[in-house]
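I set out to record how certain helices of this structure pack together, and what lines one of its pockets. The entries follow in the order of my look-ups.

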Amino acid sequence: MSDGFDRAPEQTRPLRAPPSSQDNIPQQNLESAMAKPQVVVAPVLMSKLSVNAPEFYPSGYSSNYTESYEDGCEDYPTLSEYVQDFLNHLTEQPGSFETEIEQFAETLNGWVTTDDALQELVELIYQQATSIPNFSYMGARLCNYLSHHLTISPQSGNFRQLLLQRCRTEYEVKDQAAKGDEVTRKRFHAFVLFLGELYLNLEIKGTNGQVTRADILQVGLRELLNALFSNPMDDNLICAVKLLKLTGSVLEDAWKEKGKTDMEEIIQRIENVVLDANCSRDVKQMLLKLVELRSSNWGRVHATSTYREATPENDPNYFMNEPTFYTSDGVPFTAADPDYQEKYQELLEREDFFPDYEENGTDLSGAGDPYLDDIDDEMDPEIEEAYEKFCLESERKRKQ
């Protein structure tokens with residue numbers, strides 16, 4: 001098996017084992033054989049490895065982009081190969097986006113100088129973002145960056161306009177795609193999720209410098225959801241759930257700002273699907289969980305008040321901010337218990353049990369104990385819990 005090296009079969013010189021019986025050795029040679037130990041000759045390995053052999057790379061590793069990155073696109077015969085190699089590189093190493101995107105855009109500005117080249121660039125990115133499941137987010141970020149940094153702006157439209165035109169081509173066949181065969185629906189779902197990522201990541205700068213989202217995508221996502229719910233097959237509904245988890249909070253905020261009730265209508269549509277559609281039990285559970293997520297404001301937690309002003313009535317996390325203690329029987333009690341404040345105050349007064357020591361174990365009456373000085377200030381969690389139980393139990397017995 002070859003793993004990148006040209007390796008010849010090993011050539012070995014056969015060894016003869018020394019005789020194991022003295023019967024076959026003449027007597028006069030026996031003494032000399034015993035006096036002089038036998039030397040075993042190591043096998044000689046013959047290799048045809050060459051120092052000029054090409055450098056080895058693991059299977060699936062593409063070195064073309066790495067080798068030619070500093071030289072821009074000089075080592076690539078076509079724009080397509082250069083762009084595709086960069087897209088594959090981002091797919092394998094998404095963390096390199098921040099460090100390499102600027103160089104990529106500069107190279108494209110020197111290469112993409114015609115309408116056809118720009119169209120080809122848009123198509124390459126679109127195909128990667130809708131055929132590689134994990135690239136939709138990265139593809140949307142890439143589209144946003146290029147929409148602001150590509151200098152070419154032909155009469156046919158700039159990068160963002162051509163991208164939206166390409167998305168519209170798929171959008172216009174949404175109803176047929178949602179009811180198509182499995183392969184068609186799978187491709188349609190990839191497009192839907194990519195459009196959701198574009199809505200979140202594609203920034204449009206206004207004349208006054210303000211940054212907004214593309215309203216056309218907001219309208220498009222609403223119609224795509226309609227197409228998915230109108231054909232309530234399991235995979236269509238799962239796609240709708242993914243899209244709403246991704247964009248639901250942003251869409252609802254945008255609709256509320258315009259006084260629209262689109263999200264209310266979508267939730268009502270989901271509830272009708274759960275009641276009427278013949279989808280699987282698991283998918284119905286997913287839909288119900290989505291409705292629950294939306295009822296909790298999409299899982300967003302807003303600060304209700306400062307800590308001093310927080311009360312059980314205005315802060316849902318009020319009791320979570322307080323420590324938990326345990327009774328002598330090991331039953332936990334928290335700030336939610338009626339007599340918590342009384343018990344907590346008793347714990348605060350526990351230093352009365354040790355009048356000559358601070359909490360860190362230092363003797364206030366004189367020199368510190370050399371043993372206690374060596375002890376770490378922080379207790380193990382289990383020891384600390386046992387210590388709190390001990391204090392509570394001691395206080396209970398003292399009052400008795």
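Before the first entry I note what a helix is here: a DSSP run of H or I with at least four residues, numbered from the N terminus. I also note that the model is predicted.

**Entry 1: the second largest pocket.** I looked up the volume of the second largest pocket and found about 440 Å³. I then listed its lining, which has 18 residues; Lys186, His189, Ala190, Leu193 and Lys242 are the closest to the pocket centre. Which helices each supply at least two residues of this lining? I found H5, H9 and H11, the last of these spanning 234-257. H9 gives the largest share, with eight residues. Sorted by class, the lining holds eight nonpolar, six charged and four polar residues.

**Entry 2: H5 against H9.** I turned next to the two helices H5 (residues 115-131) and H9, whose axes come within 8 Å and cross at roughly 110°. H5 is therefore roughly perpendicular to H9. On the H5 side I recorded Tyr126, Ala129 and Thr130, and on the H9 side Ala190, Phe191 and Phe194. Five residues of this contact are nonpolar, one is polar and none is charged. I note that Ala190 of H9 appears in this contact and also among the residues closest to the centre of the second largest pocket.

**Entry 3: H6 against H9.** I looked up how H6 (residues 136-149) passes H9 (residues 182-201), and found axes that come within 8 Å and cross at roughly 45°. This angle makes H6 oblique to H9. Is the crossing left-handed or right-handed? I recorded a right-handed crossing of H6 and H9. From H6, the residues Ser136, Tyr137, Gly139, Ala140, Arg141, Cys143 and Asn144 meet Phe194, Glu197, Leu198 and Asn201 of H9. I counted by class five nonpolar, four polar and two charged residues in the contact of H6 with H9. Phe194 of H9 thus stands in my list for H6 and in my list for H5.

**Entry 4: H10 against H11.** I finished with H10 (residues 215-230) and H11, whose axes come within 10 Å and cross at roughly 145°. The crossing of H10 with H11 is left-handed. The H10 residues in this contact are Gln218, Leu221, Arg222, Leu225, Leu228 and Phe229. Among the H11 residues they meet, I recorded Asn236, Leu237, Cys239, Ala240, Leu243 and Trp255. By class, I found 12 nonpolar, two polar and one charged residues in the contact of H10 with H11.

Notes
Residues numbered from 1 in each chain as written. Predicted model: local features only at pLDDT ≥ 70, side-chain atom pairs only at ≥ 80, totals over all residues. Heavy atoms only, no water. Axes fitted to C-alpha atoms, helices over the stretch in contact; angles between N-to-C directions. Parallel < 35°, antiparallel > 145°, perpendicular 65-115°, else oblique. Left-handed = near helix turned anticlockwise from the far one by under 90°. Contact = heavy atoms within 4.5 Å. Nonpolar A, V, L, I, M, F, W, Y, C, P; charged D, E, K, R; others polar. 1 Å grid on protein atoms, 1.4 Å probe; cavity = no way out; pocket = protein on both sides within 12 Å on 5 of 7 lines; lining within 4 Å. Points joined across faces, edges and corners; volume = space filled by probe spheres on them.
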